[in-house]
Amino acid sequence: VFVSLDESENDFIGYFAEQPWHALEHSDSQTNRALRNMLDIKQLPCLIIVDKEGVVITMDGCQAVLNDPEGMRFPWHMKPVHNLRDGVGSLS
């Protein structure tokens with residue numbers, strides 16, 4: 001679901017017209033603010049992948065999509081760490 005931070009309704013309509021997903025109404029500023037606070041959104045663009053229960057799969061959906069544009073490894077859950085000497089690995 002697309003959550004807009006566009007300044008105006010017209011900006012939202014113009015940008016959203018190009019998107020393939022559902023969107024939160026631009027006028028629903030209360031839900032918009034609650035989602036931004038709940039998910040601690042600090043920068044744009046921000047793509048957060050959640051499951052059907054609303055549990056966050058990854059906070060870095062942009063990187064997950066860039067790393068796997070065909071979705072072959074979807075749903076992009078965090079990978080387990082097998083050897084900490086090798087680092088924590090990718091979070092997408």
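The legends below describe close-up views of a predicted model.

**Figure 1. Overview of the secondary structure.** The protein contains three helices and two strands. Read from the N terminus, the order of these elements is α-α-β-β-α. Of the 92 residues in the protein, 18% are buried.

**Figure 2. The stacked pair Phe12 and Phe16 in helix H1.** Searching the whole structure gives five aromatic pairs. One of them joins Phe12 and Phe16, whose ring centres are 5.6 Å apart and whose planes meet at 5°; the pair is therefore stacked, as the angle is under 30 degrees. Both residues belong to helix H1 (residues 9–16), and because they are four residues apart there, about one helical turn separates them. Phe12 is buried, with a relative accessibility of 7%, whereas Phe16 is partly exposed at 22%. Phe12 and Phe16 also belong to one aromatic cluster with Phe2 and Tyr15.

**Figure 3. Phe74, Pro75 and Trp76 in the segment after helix H3.** The ring centres of Phe74 and Trp76 lie 4.9 Å apart and their planes are at 85°, so this pair is edge-to-face. Phe74 has a relative accessible area of 48% and is partly exposed; Trp76, at 9%, is buried. The peptide bond that leads from Phe74 to Pro75 is cis, and its omega is near 25°. Pro75 is located in the segment after H3, and so is Trp76. The phi of Trp76 is positive, about 55°, although Trp76 is not a glycine.

**Figure 4. Asp40, Lys42 and Pro45 after helix H2.** One salt bridge is found in a search of the whole structure. This salt bridge brings together the side chains of Asp40 and Lys42, with an N to O distance of 2.6 Å. Asp40 is partly exposed, its relative accessible area being 47%, while Lys42 is exposed at 70%. Asp40 sits in the loop between H2 and S1 and has a positive phi, near 55°, in a residue other than glycine. Pro45 is found in the loop between H2 and S1 as well. A cis peptide bond links Leu44 to Pro45, with an omega of about -5°.

**Figure 5. Lining of the largest pocket.** The volume of the largest pocket is about 990 Å³. The pocket is lined by 25 residues, and those closest to its centre are Val1, Phe2, Val3, Cys46 and Leu47. Helix H2 (29–38), strand S1 (49–50) and helix H3 each contribute at least two residues to the lining. H2 provides the largest share, three residues. Phe2 also appears in the aromatic cluster with Phe12, Tyr15 and Phe16.

**Figure 6. Nonpolar surface patch at Val50, Val56 and Met59.** Val50, Val56 and Met59 make a nonpolar patch of about 230 Å² on the surface. Met59 lies in the loop that runs between strand S2 (56–58) and helix H3 (61–67). With a relative accessible area of 44%, Met59 is partly exposed.

Key:
Residues numbered from 1 in each chain as written. Predicted model: local features only at pLDDT ≥ 70, side-chain atom pairs only at ≥ 80, totals over all residues. Heavy atoms only, no water. Phe/Tyr/Trp six-rings, centres within 6.5 Å; stacked < 30°, edge-to-face > 60°. Buried < 20%, exposed > 50% of the residue type's maximum accessible area, 1.4 Å probe, protein only. Patch = residues over 30% accessible without salt bridge, like charges linked within 9 Å, V, L, I, M, F, W, Y side chains within 5 Å. Areas by Shrake-Rupley, 256 points an atom, 1.4 Å probe, with all protein chains shown as cover. Salt bridge = Lys/Arg side-chain N within 4 Å of Asp/Glu carboxyl O. 1 Å grid on protein atoms, 1.4 Å probe; cavity = no way out; pocket = protein on both sides within 12 Å on 5 of 7 lines; lining within 4 Å. Points joined across faces, edges and corners; volume = space filled by probe spheres on them.
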